[in-house]
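Student: I have a structure to show you. Could you walk me through its aromatic pairs and one of its charged residues?

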Amino acid sequence: MTDAVPGDRPRPQYGEYATPEEQAARIRHPLPVPPPVARSEAAPATAAVARAALSPGRILDRATAVALLVYGLLSFVNAIPAILEPASLLTALGLDADDFDVTSVGGWGIAAAVVLVVGWIVTAWLTWLAHRRGWILFWVPLAGGVVFNAISGALVTFALLSDPAIFDAVLRQAGG
């Protein structure tokens with residue numbers, strides 16, 4: 001008998017290369033099988049996740065995310081009448097709304113309002129998904145607010161500046 005095993009490894013002694021199953025088969029004793037652990041869906045995956053869920057930083061993060069979502073909801077509810085009625089937007093630009101015959105921004109205003117509503121819903125859904133995965137939440141409403149307000153603002157700006165009289169008045173006011 002040789003003391004070498006194919007592959008130039010030394011011959012194992014006392015089962016040092018054997019798996020627990022092979023060892024149990026050799027000594028003819030079954031391996032103890034741990035009982036299956038019942039785990040509910042609502043239970044956190046680990047103790048670390050449970051501790052993180054209760055930390056003051058996590059509570060502050062959740063509160064900030066909820067506050068930003070509420071602010072976004074109130075903001076778009078207040079913005080929709082202003083988007084659909086251009087007189088208030090022209091006044092905000094420092095122009096006299098009576099000088100122009102614009103009564104609505106048409107389909108662009110409706111599209112901007114829809115973008116705000118759908119954007120808030122998508123942002124709330126993404127915030128909920130981030131919460132379920134244990135991620136940091138506050139940035140989701142911030143990013144959603146920036147993205148969807150920028151898109152909505154671009155639509156309304158395009159609608160207003162497509163009128164040559166308003167475009168000329170804005171250029172005169174800017175000194176151009």
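Tutor: Gladly, starting with a definition. Rings of Phe, Tyr and Trp (its six-membered ring) pair if their centres lie within 6.5 Å; planes under 30 degrees apart count as stacked, over 60 as edge-to-face and the rest as tilted. This is a predicted model, where local features need pLDDT of at least 70, side-chain atom pairs count only at pLDDT 80 or more, and totals for chains, interfaces and linings use all residues. Residues are numbered from 1 along each chain as its sequence is written, and side-chain values use heavy atoms, with hydrogens and water left out.

Student: How many aromatic pairs does a search of the whole structure find?

Tutor: The search covers the whole structure, and the number of aromatic pairs it finds is 2. In one of them, the planes of Phe76 and Trp120 are at 50 degrees and the ring centres 6.3 Å apart, so this pair is tilted.

Student: Which kind of aromatic pair do Trp108 and Phe158 form?

Tutor: Their centres are 4.7 Å apart. The planes have 65 degrees between them, which makes the pair edge-to-face.

Student: What is the nearest side chain of opposite charge to Asp61?

Tutor: Asp61 lies in helix 3 (helices, H or I, are DSSP runs of at least four residues, numbered from the N terminus). Asp61 is buried (under 20% relative accessible area, 1.4 Å probe, protein chains only). Asp61 has no salt bridge (a side-chain nitrogen of Lys or Arg within 4 Å of a carboxyl oxygen of Asp or Glu). At 4.1 Å, the nearest side chain of opposite charge (Lys and Arg count as positive, Asp and Glu as negative; His and the chain ends are not counted) is Arg58.

How values were computed
Helices (H or I, at least four residues) and strands (E, at least two) are DSSP runs, numbered from the N terminus. Buried means under 20% relative accessible area, exposed over 50%, partly exposed in between (1.4 Å probe, protein chains only).
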